[in-house]
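I opened the model today to see how its strands are arranged. My notes follow.

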Amino acid sequence: MAESVALDPVDLHILRLLQNDARTTYRELAAEVGVAPSTCLDRVTRLRRSGVILGHRLALDPGRLGRGLQALLSVQVRPHRRELIGPFVERIRALPESRALFHLTGPEDYLVHVAVADTADLQRLVVDEFTSRREVARVETRLIFQQWECGPLLPPEHPSSCGPEGGL
């Protein structure tokens, strides 16, 4: 598990702004947070080097790219052994339909978010790319009707407290 990084209010403000628009210029960021552009550049560079900022991504609409049907595939792998996990993960991540892959606890081992053209494409994907693999014991498919993005991921305001009074 990654170590947390100490962030001050200026760092948090910069992260909030960049999460809402990663194309914001250093000059605009600096003006908004009240620091010099060079200071802002130094802070963003430090946030990148420390691993807080992982990168910048372009968000695409799968429907406008001909992949309007999205689903979550719960996948059970048997036997669940390390020598099978690596190749399985590599293959699923390489599929153009894969949007996200999660390794889980519980009865299912993986949850895969996929985007496909239609139900026939989803069936082809499940049969040809998942259930045809020897290590895949079971696949359960759930269609996604609607999806919402959530707010920025920022550290808790008071990381040392565990409740309203700081106790457990």
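**Strands and their partners**

I began with strand 2 and strand 3, which run antiparallel and are joined by five bridges. Strands here are DSSP runs of E, at least two residues, and helices are runs of H or I, at least four residues, both numbered from the N terminus. Two strands count as paired if DSSP finds at least two bridges between them. I noted that this is a predicted model, where local features need pLDDT of at least 70, side-chain atom pairs count only at pLDDT 80 or more, and totals for chains, interfaces and linings use all residues. Residues are numbered from 1 along each chain as its sequence is written, and side-chain values use heavy atoms, without hydrogens and water.

I looked up one pair: S98 has V114 in strand 3 as its bridge partner. Strand 2 and strand 3 form a hairpin with six residues between them. In the turn, G106 has a positive phi of about 100°.

Next I asked in what order the four strands lie in the sheet. I found an open sheet in the order 2-3-1-4, with antiparallel pairing. Strand 2 (98–103) and strand 4 (136–144) are the edges, each pairing on one side only.

Then I checked strand 1 (residues 69–77), which pairs with strand 4 in the antiparallel sense over eight bridges. There V75 stands opposite V139 in strand 4.

Last came a helix. Helix 5 (residues 119–131) packs on the sheet and touches strand 1, strand 3 and strand 4; contact means heavy atoms within 4.5 Å. Its direction makes about 160° with that of strand 4. Axes are lines fitted to C-alpha atoms, for helices over the stretch in contact, and angles run from 0 to 180 degrees between N-to-C directions.
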